[in-house]
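Student: I would like to go through this model with you and ask, at each step, what a given label rests on.
Tutor: Then let us take the labels one by one and set each against its definition.

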Amino acid sequence: MTSTLTQVYPIIWESDRASLIDQTRLPDEYTRIEITTYQQMAEAIKTMIVRGAPAIGIAAAYGLYLGAREIQTSDRQEFLNQLEPIAQVLRATRPTAVNLFWAIDQMLQTATETPGTIEEIKTALLHKANTIREDDIKTCFAIGEAGLIVLPKIPEKLNILTHCNTGSLATGGYGTALGVIRSAWNSGRLNRVYADETRPRLQGAKLTTWECVQDQIPVTLISDNMAAHCMKQGLIHAVIVGADRITANGDAANKIGTYSLAIVAKAHKVPFFVAAPLSTVDFKLATGDEIPIEERDPTELYQVGTTRICPEGVEFFNPAFDVTPAELITAIITEKGAVIPGELKQFSVI
Ligand code: MRU
């Protein structure tokens, strides 16, 4: 559970408030924002100051506590009733990452099951949010270890291609797919990361490369449409991505562009791994067709910085995620081990 690598924590709780790294400002500026109300937390999730499925879940958990602590009543049922609209505001921020809904459910369950006074329930809620965060960091380390078992065993060190940002910034710390990459680097098995820039928000270019530079992990930035060429050239030994929601059959929603990357990997016989905590698996959904896909503001597409890149009169379509079918996934790497998608159901607690 130890790492020699730099630890970046996107969400910390200190001095009675949440502190977030403002991910919209990286890599130019490393700044933290203080969050004291659930409305501020909901806005930070919506505007992607905090993003990445596990990090969104953790942020929502603290958001729920921030809302809970403002409730002024000594009546238990009234307190629980007033939690629901707060949960609803947080749920309405981003639809695809199931960790958001998972974490809110965990918090509501804690509120319902904690006996005692309202003050004691509030204390239990803060404790639960801290636990969700700490558990996520431990989970990421376990995913990293599990990934080492399934990475290709070849004489040379690995070149691994990844998409979007799945690192410390996207989790409690360390990362899922980037966590596996960190573990590979730590154990001397990694040569280099290839980071897709990840249009339109550029999480790969702005965040993944920033994390790699912090840890001195060699990284090469490519644009999203270069992956097939790199594979054809034999530059890529494995692809590892994260997920925002995985369904019971092993279909995986992740950042837009992941699906085409999986097709390209299959065509070049490059193994394609999805690394995610079990909190990202939505066993209630049978297949990826049922996953709600977020559509975001078109300015993300037509504006680069402050410059408009296309003429007026164009229409836009800006889905933030796509679904990779299970049959394109070599293995899903979880904190309980790596499995082929068809074997994921063994981890269901139902
Ligand atoms: O829109 P984002 O930046 O929140 O999307 C993030 C991703 O798609 C990640 O790959 C996913 O959440 C896994 S993060 C460990």
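**Labels and their grounds**

Tutor: To begin, proline 200 has its place in the loop between β5 (190–196) and α7 (203–214), and please keep in mind throughout that this is a predicted model.

Student: What makes the peptide bond from arginine 199 to proline 200 cis?
Tutor: Its omega is near 0 degrees, and that is the value on which the label cis rests for this bond. A cis peptide bond also joins leucine 26 and proline 27, where omega is about 0 degrees, and proline 27 belongs to the loop between β2 (17–21) and β3 (32–35).

Student: Why is methionine 48 singled out for its phi?
Tutor: Methionine 48 is not a glycine, and yet its phi is positive, at about 65 degrees. This residue sits in the loop that runs between α1 (38–46) and α2.

Student: How do you know that the side chain of asparagine 254 makes a polar contact with the ligand?
Tutor: The cut-off for a pair of N or O atoms is 3.5 Å, and a polar side-chain atom of asparagine 254 lies 2.6 Å from an oxygen atom of the ligand, so the pair qualifies as a polar contact. By the same cut-off, the side chain of lysine 255 qualifies with an N or O atom 2.7 Å from a ligand oxygen, and that of glutamine 203 qualifies at 2.8 Å.

Student: How much of the ligand does the protein cover?
Tutor: On its own the ligand has 420 Å² of accessible area, and the protein covers 100% of that area. The space that the ligand takes is, moreover, the largest cavity.

Student: Which elements give two or more residues to the shell around the ligand?
Tutor: They are α2 (53–68) and β9 (252–255). Of the 18 residues around the ligand, those that come nearest are Arg51, Ala53, Arg94, Asn254 and Lys255. In terms of character, the shell divides into seven nonpolar, seven polar and four charged residues.

Student: Why is the ligand said to lie between domain 1 (9–137) and domain 2 (149–345)?
Tutor: Both domain 1 and domain 2 give residues to the shell around the ligand, and therefore the ligand is placed between them.

Notes
Residues numbered from 1 in each chain as written. Predicted model: local features only at pLDDT ≥ 70, side-chain atom pairs only at ≥ 80, totals over all residues. Heavy atoms only, no water. Near = heavy atom within 4 Å. Polar contact = N/O pair within 3.5 Å; in protein donor to acceptor, adjacent residues only side chain to side chain. Areas by Shrake-Rupley, 256 points an atom, 1.4 Å probe, with all protein chains shown as cover. 1 Å grid on protein atoms, 1.4 Å probe; cavity = no way out; pocket = protein on both sides within 12 Å on 5 of 7 lines; lining within 4 Å. Sits in = over half its atoms within 2 Å of the grid points. Helix = DSSP H or I, 4+ residues; strand = E, 2+ residues; numbered from the N terminus. Nonpolar A, V, L, I, M, F, W, Y, C, P; charged D, E, K, R; others polar. Domains from an automatic or database assignment.
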